[in-house]
Amino acid sequence: MASILNVDQINNAAGTSAVTIDPSTGKPSFPNGATLPAGSVVNVTRVQNTGINIATSSAAMATIISFSVTATAGNLMNLSSFISTRGNASSDWNLTTIRVLADGVSVYGSGYNGHNGSAEIILDIPIDATWVWGGTGSNTQTIQIQAKAYGGYTRNLGSNNQDVSTTTPVFTFMEIAQ
């Protein structure tokens, strides 16, 4: 039989506070500056967005989605996701590249993803980015996912010109203590 234990503070054997749990965030805080050991997962944030629905033929990076995430400076941040993309049935290369910005600083760039030929293949561009969170203390940064096309050919990203069930990007952020 499963049980649930509801607490807002855990005391040590001496009866003094060892861990306090913030009721609004569910995150623990430790007295006397104690921290989680390096490599511990501090927080996992999930951002799901069905609003990626664009076509681009631009060779310049364009923001396709933007959102805010909060983490602690100096910790590692890992972002994993994918972006669905589809070509325009040309007989040449249909390629797309993705870039991730954290507060305007590039933290990840994919290689070109796509195909050569007249088929309209739907592909998923993987995103697996890891970087050190900047700023000071706990801070919120704007994350932008950007894309560009190769050779002037139109690339459809997200649900644009596709069956909408082919894409519901989920962006998973994992903060890792350092």
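The accessible surface of the chain comes to about 9500 Å². Carbon and sulfur atoms contribute 51% of that area. The model is predicted. The chain has 178 residues, of which 33% are buried.

The secondary structure consists of 14 strands, with zero helices. Read along the sequence, the pattern is thus β-β-β-β-β-β-β-β-β-β-β-β-β-β. Contacts were also examined by sequence separation. Among those with a separation of 6 or more, 76% join residues 24 or more positions apart.

Aromatic pairing was examined next. A pair of aromatic rings is described by the distance of the centres and the angle of the planes. The structure holds three aromatic pairs. In one of them, the ring centres of Phe67 and Phe171 lie 5.3 Å apart. Their planes meet at 45 degrees, so this pair is tilted. An angle under 30 degrees would count as stacked, and one over 60 as edge-to-face. The pair links distant parts of the chain. Phe67 belongs to strand β6 (residues 62–72), whereas Phe171 belongs to strand β14 (residues 170–176). The two residues are 104 residues apart. Phe67 has a relative accessible area of 11% and is therefore buried, the cut-off being under 20%. Phe171 is also counted as buried, at 0% relative accessibility.

Phe67 also pairs with Phe173. Here the ring centres are 5.7 Å apart and the planes stand at 80 degrees, so the geometry is edge-to-face. This pair, too, links distant parts of the chain, from Phe67 in strand β6 to Phe173 in strand β14. The separation is 106 residues. Phe173 has 1% relative accessibility and counts as buried. Ring pairs thus link Phe67, Phe171 and Phe173 into a cluster.

Strand β14 ends at residue 176, and residues of this region also meet a loop residue. Ser40 touches Glu175, Ile176 and Ala177, leaving aside residues up to four places away in sequence. Ser40 is located in the loop between β3 (28–29) and β4 (41–48). Its relative accessible area is 19%, so Ser40 is buried; the limit for this class is under 20%. A polar atom of the Ser40 side chain lies 2.8 Å from the backbone oxygen of Pro37.

The surface carries a nonpolar patch formed by Leu5, Val7 and Ile10. Together, these residues have about 300 Å² of accessible area. Ile10 is placed in strand β1 (residues 9–11). With a relative accessible area of 41%, Ile10 is partly exposed, a class that lies between the cut-offs of 20% and 50%.

A second loop was examined between β11 (122–132) and β12 (138–149), where Thr136 is found. Thr136 is exposed, with a relative accessible area of 69%. Exposure requires over 50%. Thr136 and Ala71 are 65 residues apart in sequence. In space, their C-alpha atoms are 9.9 Å apart. Ala71 falls within the residue range of strand β6 (residues 62–72), the strand that also holds Phe67.

Methods:
Residues are numbered from 1 along each chain as its sequence is written. This is a predicted model: local features need pLDDT of at least 70, side-chain atom pairs count only at pLDDT 80 or more; totals for chains, interfaces and linings use all residues. Side-chain values use heavy atoms; hydrogens and water are left out. Rings of Phe, Tyr and Trp (its six-membered ring) pair if their centres lie within 6.5 Å; planes under 30 degrees apart count as stacked, over 60 as edge-to-face and the rest as tilted. Helices (H or I, at least four residues) and strands (E, at least two) are DSSP runs, numbered from the N terminus. Buried means under 20% relative accessible area, exposed over 50%, partly exposed in between (1.4 Å probe, protein chains only). A polar contact is a pair of N or O atoms within 3.5 Å; within protein, one must be able to donate a hydrogen and the other to accept it, and residues adjacent in sequence count only if both atoms are side-chain atoms. Contact means heavy atoms within 4.5 Å. Accessible areas come from the Shrake-Rupley method with a 1.4 Å probe; for residues, only the protein chains shown count as cover. Patches are made of residues with over 30% relative accessible area and no salt bridge: like charges are joined within 9 Å, nonpolar side chains (Val, Leu, Ile, Met, Phe, Trp, Tyr) within 5 Å. A salt bridge is a side-chain nitrogen of Lys or Arg within 4 Å of a carboxyl oxygen of Asp or Glu.
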